[in-house]
Amino acid sequence: MQTAIRVLIVDSEQALAQGLAEALVHQPGIAAARAAHAPPAAGVDDDVVVAATDSEGWDALALIRDLAGRENAPAVVAISGDSDPERVAAAVAAGAISWAPKEIGLEQLAGVVVAAARGEAWLPPAVLARVLRVLAAGGGDAAARENPIDRLTVRERQILEFTARGLSRREIAAKLDVSVNTVRSHSQHMLSKLGVHTTLEAVALALREGAVTDRP
């Protein structure tokens, strides 16, 4: 059973951040939640950071990039009131594992946060395909460099393909007749070889390289 996780909410709207932290701490799988209304100046030892990308007074994307680049980096879930695919894609490209609208239900957000701690990405179905297309369109120099998909093993390619189809790790494990931990291990190796932080970025890269079809 997974250990309950610690969550940090970062939003320039202090009341919103505090209220969300107080509500999330009562949700299954979450051990502690705290709020900050500015980027944390010191180290972050939380498992997941929920970062509002529409905060005022600081660069949320810079914060996401900073967090994603740290050793033992927390998973970052971006939230905002704006579902523009370009802005959502920017958050994912910066290193956010998931994005959710601020109007998302509390229980669903808690599920996204807990899944993020397991390394599982999520985008609302209504924006998933559009965001992946934006991400996939970002690599105009693909023909001039090595195809990073060639670095993957057969099993890693299978997991990437199933991920592109929208299957969860549990569903992939059932299809391949392996454990969820085995899928998780292959997924981590896949991300490392592709040089990306999240499975959403991996799928976008695979779409750009023509390694998978656009199925979301």
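**Exercise 1. Enclosure of helix H9**

Task: In this predicted model, determine how many of the 10 residues of H9 are buried and what covers them.

Solution.
Step 1. Apply the cut-off: a residue is buried when its relative accessible area is under 20%.
Step 2. Under that criterion, the buried residues of H9 are Thr199, Leu200, Glu201, Ala202, Val203, Ala204, Leu205, Ala206 and Leu207.
Step 3. Nine of the 10 residues are therefore buried, and H9 is largely enclosed by the rest of the structure.
Step 4. The cover over these buried residues includes helix H3 (85-94), H5, helix H6 (154-164) and helix H8 (180-194).
Step 5. Take Thr199 as an individual case, a residue of helix H9. Its relative accessible area is 10%, so Thr199 counts as buried. Beyond residues up to four places away in sequence, Thr199 touches Ala121, Thr163 and Leu191.

**Exercise 2. The packing of H5 against H9**

Task: Describe the geometry of the contact between H5 and H9, and state which residues meet there.

Solution.
Step 1. Helix H5 spans residues 125-136 and helix H9 residues 199-208; their axes come within 8 Å and cross at roughly 60°.
Step 2. The crossing of H5 past H9 is right-handed.
Step 3. H5 contributes Leu128, Leu132, Leu135 and Ala136, which meet Leu200, Val203, Ala204, Leu207 and Arg208 of H9.
Step 4. Sorted by class, this contact has eight nonpolar residues, no polar residues and one charged residue.
Step 5. The spacing of the numbers can be read with a general rule. An α-helix has 3.6 residues a turn, so residues three or four places apart point the same way.

**Exercise 3. The nonpolar cores**

Task: State how many residues the largest nonpolar core has and which element gives the most to it.

Solution.
Step 1. The largest nonpolar core has 42 residues, and those with the most contacts inside it are Leu123, Leu132, Leu160 and Leu194.
Step 2. H9 gives the most to this core, with seven residues.
Step 3. Consider Leu123: leaving aside neighbours within four places in sequence, Leu123 is in contact with Val88, Trp99, Leu128, Val131 and Leu200.
Step 4. Another core, of 23 residues, lies apart from the largest one; among its members are Ala17, Leu20, Ile97 and Ile104.
Step 5. Ile104 is found in the loop between E5 and helix H4 (106-117). With a relative accessible area of 14%, Ile104 is buried. Not counting residues up to four places away in sequence, Ile104 touches Leu109, Val112 and Trp122.

**Exercise 4. The surroundings of H3**

Task: Identify the buried residues of H3, the elements they pack against, and the features at the two ends of the helix.

Solution.
Step 1. Pro85, Val88, Ala89, Ala91, Val92 and Ala94 are the buried residues of H3.
Step 2. These residues pack against helix H2 (60-68), strand E4 (75-80), strand E5 (98-101), H5 and H9.
Step 3. For the pair H3 and H5, the axes lie 9 Å apart at an angle of about 65°, and the crossing is right-handed.
Step 4. In this contact, Pro85, Glu86, Val88, Ala89, Val92 and Ala93 of H3 meet Arg130, Val131, Val134 and Leu135 of H5. The contact comprises eight nonpolar, no polar and two charged residues.
Step 5. At the start of H3, a side-chain oxygen of Asp84 reaches to within 3.1 Å of the backbone nitrogen of Glu86. Just after H3, Gly95 takes a positive phi of about 130°.

**Exercise 5. Two aspartates in loops**

Task: For Asp46 and Asp177, decide whether each is buried or exposed, and give its setting.

Solution.
Step 1. Asp46 is found in the loop between strand E2 (30-36) and strand E3 (48-52). At a relative accessible area of 8%, Asp46 is buried.
Step 2. The side chains of Asp46 and Arg34 are joined by a polar contact of 2.7 Å. Leaving aside neighbours within four places in sequence, Asp46 is in contact with Arg6, Val7, Leu8, Arg34 and Pro74.
Step 3. Asp177 is found in the loop between helix H7 (169-176) and H8. A relative accessible area of 71% makes Asp177 exposed.
Step 4. Asp177 also has a phi near 60°, a positive value in a residue other than glycine.

Methods:
Residues are numbered from 1 along each chain as its sequence is written. This is a predicted model: local features need pLDDT of at least 70, side-chain atom pairs count only at pLDDT 80 or more; totals for chains, interfaces and linings use all residues. Side-chain values use heavy atoms; hydrogens and water are left out. Axes are lines fitted to C-alpha atoms, for helices over the stretch in contact, and angles run from 0 to 180 degrees between N-to-C directions. Helices (H or I, at least four residues) and strands (E, at least two) are DSSP runs, numbered from the N terminus. A crossing is left-handed if the near helix is turned anticlockwise from the far one by less than a right angle, and right-handed if clockwise. Contact means heavy atoms within 4.5 Å. Ala, Val, Leu, Ile, Met, Phe, Trp, Tyr, Cys and Pro count as nonpolar, Asp, Glu, Lys and Arg as charged, and the others, Gly among them, as polar. Buried means under 20% relative accessible area, exposed over 50%, partly exposed in between (1.4 Å probe, protein chains only). A polar contact is a pair of N or O atoms within 3.5 Å; within protein, one must be able to donate a hydrogen and the other to accept it, and residues adjacent in sequence count only if both atoms are side-chain atoms. A nonpolar core is a set of buried Ala, Val, Leu, Ile, Met, Phe, Trp, Tyr and Cys residues joined through side-chain atoms within 4.5 Å.
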